[in-house]
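Subject: Structure handover and what was found in it

Dear colleague,

I am passing on the structure we spoke about, with the sequence alongside. Please have it open while you read the notes that follow.

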Amino acid sequence: MMFGWNAVLPKLEDTSKFMVTEDDVAWFVLLLFFLQQVFLPTAVFVAEHIGPRRLLVIAMFPIAGFWLLKAYGPYLWLLYLGRALLGISATVVYTVLHPLIAELYPARIRGLALVLPEIFGCVGMLVSYLLAYFLSWDAATAVSAAPFVPLSFVLLLVPESPYWLVRKKKIDAAEKSLRFLRGRDDNVARELEAIGSTTVPEQSEVKNQVIISTIISTTECSNCKLNL
C-alpha cells in the first residue's frame with residue numbers, strides 16, 4: 001500500500017490545503033528509496049540486539065498514525081514527515097518480516113508462508129489503486145490506515161524467533177516459543193537441538209550483520225524497481 005499510494009499523486013496537485021509542485025511529487029516517490037538504504041542496515045542491527053519480533057511490533061504500531069498524519073496534516077512538511085516515517089517503518093517491517101517467517105514456520109509449509117507476504121503486497125497495491133480511483137487523495141490515504149490497527153494487535157500474539165533466542169542463550173524461552181508454535185504435545189527437543197547446531201555466535205557480530213543487510217538491500221532494490 002505504501003508503493004500503491006503513488007497512484008494518488010496526480011490528485012495531490014489539485015489539493016487546496018497547500019501548494020504541491022511536480023518536484024514535491026517526485027520527492028514523495030524517491031524519498032522511500034533513500035530512506036531504505038539508510039535505515040535497512042540499522043534495522044538488521046537493532047533486530048539482532050532486541051529481537052526481530054519485538055522490533056516488528058515497535059515498527060508496526062505507529063503505522064496507522066503515520067497514514068493519518070499524511071491524510072490530515074494541514075501543512076506540506078507534515079505530509080513529508082508522514083511519508084518519511086511511514087517509509088522508515090515499512091523498511092523495518094519488510095527487513096524483519098521474511099527472516100522471522102522463515103524462523104517461525106516449520107519446514108513443510110515454510111515455502112508457502114514466505115510467498116504470502118508477496119501475495120498480500122500485490123493485494124495491497126491493488127487496493128491502493130482502487131482507493132485512488134474512487135476517493136480523494138486524503139480520503140484514500142486515511143482509509144489506508146485501517147488494516148494496520150488490527151494487524152498491530154495481532155502481532156502481540158506472535159512469539160519471538162526461537163533462532164534468535166538460541167543465539168542469545170535463552171534456551172528455555174526458545175523451547176517455550178517452539179511449543180507455542182508447534183503445539184504443547186509436540187516433541188520440540190529435536191528441533192531445538194537442530195537450531196542449536198545451525199546457530200553460531202558469529203551471526204551476531206557486526207561484520208556479519210553488515211553482510212546480511214547488504215544482501216537484503218540488494219534484494220529490496222530489485223523489488224522496488226519491479227514495483228515502479
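Does R179 count as buried, partly exposed or exposed, and at what relative accessibility? R179 counts as partly exposed, because its relative accessibility is 27% and the partly exposed class runs from 20% to 50%. Please bear in mind, here and below, that this is a predicted model.

R179 takes part in a salt bridge with E175, in which the closest N and O atoms are 3.2 Å apart. Both residues belong to helix 10 (residues 171–182), and because they are 4 residues apart there, about one helical turn separates them. E175 is itself partly exposed, with a relative accessible area of 28%.

The search of the whole structure finds 3 salt bridges, and another of them joins E191 to R182, with the closest N and O atoms 2.6 Å apart. The two partners fall into separate classes of accessibility: E191 counts as partly exposed at 22%, whereas R182, at 17%, counts as buried.

The salt bridge between the side chains of R167 and E48 has an N to O distance of 3.0 Å. Since R167 lies in helix 9 (residues 162–167) and E48 in helix 2 (residues 22–50), this pair ties together parts of the chain that are 119 residues apart in sequence. Both R167 and E48 are buried.

Turning to the chain as a whole, its secondary structure comes to 12 helices and 0 strands. Of the 228 residues in the chain, 43% are buried, and the accessible surface comes to about 12,600 Å², with 69% of that area belonging to carbon and sulfur atoms. If one takes the contacts between residues at least 6 apart in sequence, 74% of them join residues that are at least 24 apart.

On the surface there is a nonpolar patch formed by L112, V115, L116, I119, F120, V123 and V127, which together have about 620 Å² of accessible area. One of these residues, L116, lies in helix 6 (residues 107–134), and with a relative accessibility of 34% L116 counts as partly exposed.

S136 is found in the loop between helix 6 and helix 7 (137–143), and with a relative accessible area of 37% this serine is partly exposed. The side chain of S136 makes a polar contact with the side chain of D138, at 2.6 Å. S136 also offers an example of residues that are separated along the sequence and brought together in space, since V8 is 128 residues away in sequence while the C-alpha to C-alpha distance is 7.9 Å.

A word on confidence before you look at individual regions. The chain averages a pLDDT of 86, and 86% of the residues score at least 70. Among the elements of the chain, helix 4 (residues 63–72) has the highest mean pLDDT, at 96, and helix 12 (residues 206–227) has the lowest, at 51. Where pLDDT is low, the predicted coordinates should not be read in detail.

With best wishes

Conventions
Residues numbered from 1 in each chain as written. Predicted model: local features only at pLDDT ≥ 70, side-chain atom pairs only at ≥ 80, totals over all residues. Heavy atoms only, no water. Patch = residues over 30% accessible without salt bridge, like charges linked within 9 Å, V, L, I, M, F, W, Y side chains within 5 Å. Areas by Shrake-Rupley, 256 points an atom, 1.4 Å probe, with all protein chains shown as cover. Salt bridge = Lys/Arg side-chain N within 4 Å of Asp/Glu carboxyl O. Helix = DSSP H or I, 4+ residues; strand = E, 2+ residues; numbered from the N terminus. Buried < 20%, exposed > 50% of the residue type's maximum accessible area, 1.4 Å probe, protein only. Polar contact = N/O pair within 3.5 Å; in protein donor to acceptor, adjacent residues only side chain to side chain. Contact = heavy atoms within 4.5 Å. pLDDT = per-residue confidence, 0-100.
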